[in-house]
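Student: Please choose one part of this model and take me through it closely, setting out its partners, its exposure and its surroundings in one connected account.

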Amino acid sequence: VQLQASGGGLVQAGGSLRLSCAATGSIYNVRTMGWYRQAPEKQRELVANVNAGGITNYADSVKGRFTITRDNAKNTVYLQMDSLKAEDTAVYYCNALVYSDMWSGGTYWGQGTQVTVSS
């Protein structure tokens with residue numbers, strides 16, 4: 001199983017970016033999918049996640065600005081980031097709990113995509 005993330009870049013404060021992450025490989029089903037971020041000299045933190053039923057969870061710092069969605073048919077998760085702030089600058093990692101059959105599952109990480117917000 002691999003997670004391929006895309007969509008990062010450089011944007012001015014107040015702007016928007018959309019991240020995408022697709023899970024590929026031997027997949028039976030994908031349960032929770034989400035995004036984490038890690039800024040320089042800080043610990044990796046949860047940004048948002050969404051379970052297979054569409055229930056979402058957000059960090060307080062992004063509520064009202066970021067929206068996480070998923071396309072179960074494509075095993076893809078998206079993160080729409082609006083009203084970006086300088087403090088959103090970080091490397092963003094996608095994460096997914098993937099089952100390869102009814103009994104075997106594991107947590108996978110994407111390669112990380114840089115988001116830089118200039119103030």
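Tutor: What follows is a close look at one strand and its surroundings.

This is a predicted model, in which local features need a pLDDT of at least 70 and side-chain atom pairs count only at pLDDT 80 or more, while totals for chains, interfaces and linings use all residues. Residues are numbered from 1 along each chain as its sequence is written, and side-chain values use heavy atoms, with hydrogens and water left out.

The part in question is strand 8, residues 76-81, where strands (E, at least two residues) are DSSP runs numbered from the N terminus. Strand 8 belongs to an open sheet of four strands with the order 1-3-8-7 and antiparallel pairing; two strands count as paired if DSSP finds at least two bridges between them. Strand 1 and strand 7 stand at the edges, each with a single partner strand, so one side of each has no neighbour in the sheet. Neighbouring strands of this sheet are turned against each other by 15° on average, direction ignored, where the axes are lines fitted to C-alpha atoms and angles between N-to-C directions run from 0 to 180 degrees. As general background, strands of a sheet pair through backbone hydrogen bonds, either parallel or antiparallel.

On one side, strand 8 pairs with strand 3 in the antiparallel sense over six bridges; in this pairing Ser20 stands opposite Tyr78, and Ala22 stands opposite Thr76. Strand 3 (residues 17-24) is joined in turn to strand 1 (residues 2-6), which runs antiparallel to it, by five bridges, with Thr24 of strand 3 as the bridge partner of Gln2.

On the other side, strand 7 (66-71) is joined to strand 8 by six bridges, again antiparallel, and there Ile68 stands opposite Leu79. These two strands form a hairpin with four residues between them, and Asn75 in the turn has a positive phi of about 50°. Most residues other than glycine have a negative phi. A second non-glycine residue with a positive phi, Ser83, has a value near 50° and is found in the loop between strand 8 and strand 9 (90-99). Ser83 counts as partly exposed, at 41% relative accessibility; buried means under 20% relative accessible area, exposed over 50%, and partly exposed in between (1.4 Å probe, protein chains only).

Within strand 8 itself, five of the six residues are buried, so the strand is largely enclosed by the rest of the structure. Gln80 of strand 8 is partly exposed, with a relative accessible area of 27%. Leaving aside residues up to four places away in sequence, Gln80 touches Ser16, Leu17, Arg18, Arg65, Phe66 and Thr67, contact meaning heavy atoms within 4.5 Å. The C-alpha atoms of Gln80 and Ser16 are separated by 7.4 Å, although the two residues are 64 residues apart along the chain. A polar contact of 2.9 Å also joins the side chains of Gln80 and Asp82; such a contact is a pair of N or O atoms within 3.5 Å, where within protein one must be able to donate a hydrogen and the other to accept it, and residues adjacent in sequence count only if both atoms are side-chain atoms.

Strand 8 also takes part in the largest nonpolar core, being among the strands that each supply at least two residues. That core has 30 residues, and Trp35, Val47, Phe66, Ile68, Leu79, Met81 and Tyr92 touch the most other members; a nonpolar core is a set of buried Ala, Val, Leu, Ile, Met, Phe, Trp, Tyr and Cys residues joined through side-chain atoms within 4.5 Å. The largest share, five residues, comes from strand 9.

Strand 9 also carries one end of a disulfide that joins Cys21 to Cys94 with an S to S distance of 2.1 Å; the term denotes a pair of cysteine sulfur atoms within 2.5 Å. The link runs between distant parts of the chain, from Cys21 in strand 3 to Cys94 in strand 9, 73 residues apart. This disulfide is right-handed, with 50° about the S-S bond, and the structure holds one disulfide. Cys21, in the strand that pairs with strand 8, is buried with a relative accessible area of 1%, and Cys94 is likewise buried, at 0%.
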